[in-house]
Amino acid sequence: MPSTKTLLLSITIIVILTLGLTYWLISDLNTNLMEEKGVTKQSGEESEEEIDPERYVDDGTNSTADDNIPTENHFIKTLHGMTHQKVFADEKWTLVEMTDKRIDDMLSILDKVKDTGQYEHYDLYYKALTKWKNGNFENAVDIHNQLWSMKGGTVGRADRLLTAEEEQAFVEENYN
């Protein structure tokens, strides 16, 4: 039979190893969750300066210009990304350049799904895109926040429209 000292030492080592392993597993799980949400390890906040590889940035290959009809989720994500060019928000994830061609492509998709019930929020998208096509972006903050809310947003609520100078800087930084 082992001595009391050996037994206590063994139990202590097992407890320390168990606590260390548990801490490591929890830290690793937390790190993975933070990476999925785009949170940086240094600051604990989402970074607007650095583009996370998981961030959806339009590279011109967005599927709104082809014959396929994207899912409503993809349509929302694209439309939401487009609003980021027009609105001020502390956090912006999903960047899709808002161009006349993109607006036309999105309206074309809506024409294809009109009266099919395929897009639950068809009217919202149609009204927004029609105004944008006519050069009226006054609704961009409201549209952003509605889409943001539909996607379960918790950070990055839009506060106001960007000024012309802010929008130009945003476009140059993210799309040129």
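Six helices and two strands make up this protein, and what you're looking at is a predicted model. Follow the chain from start to end and the pattern reads α-α-β-α-α-α-β-α. Of the 176 residues in the protein, 35% are buried. Here's a quick tour, from the inside to the outside and then to the charged pairs.

**The big picture**
- The protein's accessible surface adds up to about 11400 Å², and carbon and sulfur atoms account for 53% of that.
- Take the contacts with a separation of 6 or more: 59% of them join residues that sit 24 or more positions apart.

**The nonpolar cores**
- In general, nonpolar side chains tend to be buried together in soluble globular proteins.
- Here, the largest nonpolar core has 21 residues, and the ones with the most contacts inside it are Phe 75, Leu 79, Met 82, Leu 110, Tyr 125, Leu 129 and Trp 132.
- Helices H2, H3 (100–113), H4 and H5 each give two or more residues to this core.
- Another core, of five residues, lies apart from it, with Leu 95, Leu 162, Phe 170 and Val 171 among them.
- Want to see what Tyr 125 touches? Leaving out residues up to four places away in sequence, Tyr 125 meets Glu 72, Phe 75, Ile 76, Leu 79, Leu 110, Tyr 119, Leu 147 and Met 150.

**Helix H5 and what's around it**
- The buried residues of H5 are Ala 140, Val 141, Ile 143, His 144, Asn 145, Leu 147 and Trp 148.
- Their cover includes H2, strand E1 (87–89), H4 and strand E2 (158–161).
- Asn 139 is in the loop between helix H4 (122–133) and helix H5 (140–150).
- Asn 139 has a relative accessible area of 13%, so it counts as buried.
- Beyond its neighbours within four places in sequence, Asn 139 is in contact with Lys 127, Ala 128, Lys 131 and Trp 132.
- Just after H5 comes Gly 152, with a positive phi of about 80°.

**A closer look at Thr 83**
- Thr 83 is in helix H2 (residues 72–83), and its relative accessibility is 0%, so it counts as buried.
- Setting aside neighbours within four places in sequence, Thr 83 contacts Met 98, Trp 132, Ala 140, Ile 143 and His 144.
- A polar atom of the Thr 83 side chain lies 2.6 Å from the backbone oxygen of His 80.

**A nonpolar patch on the surface**
- Leu 7, Ile 11, Val 15 and Leu 19 form a nonpolar patch on the surface, and together they have about 370 Å² of accessible area.
- Leu 19 belongs to helix H1 (residues 4–37); its relative accessible area is 59%, so it is exposed.

**Salt bridges**
- Side chains of opposite charge can pair when their charged atoms come close.
- The whole structure has four salt bridges.
- One of them joins the side chains of Glu 167 and Lys 86 (2.8 Å, N to O).
- That pair links distant parts of the chain, 81 residues apart: Glu 167 is in helix H6 (residues 164–175) and Lys 86 is in the loop between H2 and E1.
- Glu 167 counts as buried at 17% relative accessibility, and Lys 86 counts as buried at 11%.
- In another salt bridge, the side chains of Asp 104 and Lys 133 meet (2.7 Å, N to O).
- Asp 104 is in helix H3 and Lys 133 is in helix H4, so this pair ties together parts that are 29 residues apart in sequence.
- Glu 166 also forms a salt bridge with Arg 160, with 2.9 Å between the closest N and O atoms.
- Glu 166 is partly exposed at 29% relative accessibility, and Arg 160 is partly exposed at 33%.

Terms used:
Residues numbered from 1 in each chain as written. Predicted model: local features only at pLDDT ≥ 70, side-chain atom pairs only at ≥ 80, totals over all residues. Heavy atoms only, no water. Patch = residues over 30% accessible without salt bridge, like charges linked within 9 Å, V, L, I, M, F, W, Y side chains within 5 Å. Areas by Shrake-Rupley, 256 points an atom, 1.4 Å probe, with all protein chains shown as cover. Helix = DSSP H or I, 4+ residues; strand = E, 2+ residues; numbered from the N terminus. Buried < 20%, exposed > 50% of the residue type's maximum accessible area, 1.4 Å probe, protein only. Contact = heavy atoms within 4.5 Å. Polar contact = N/O pair within 3.5 Å; in protein donor to acceptor, adjacent residues only side chain to side chain. Core = buried A, V, L, I, M, F, W, Y, C linked by side-chain atoms within 4.5 Å.
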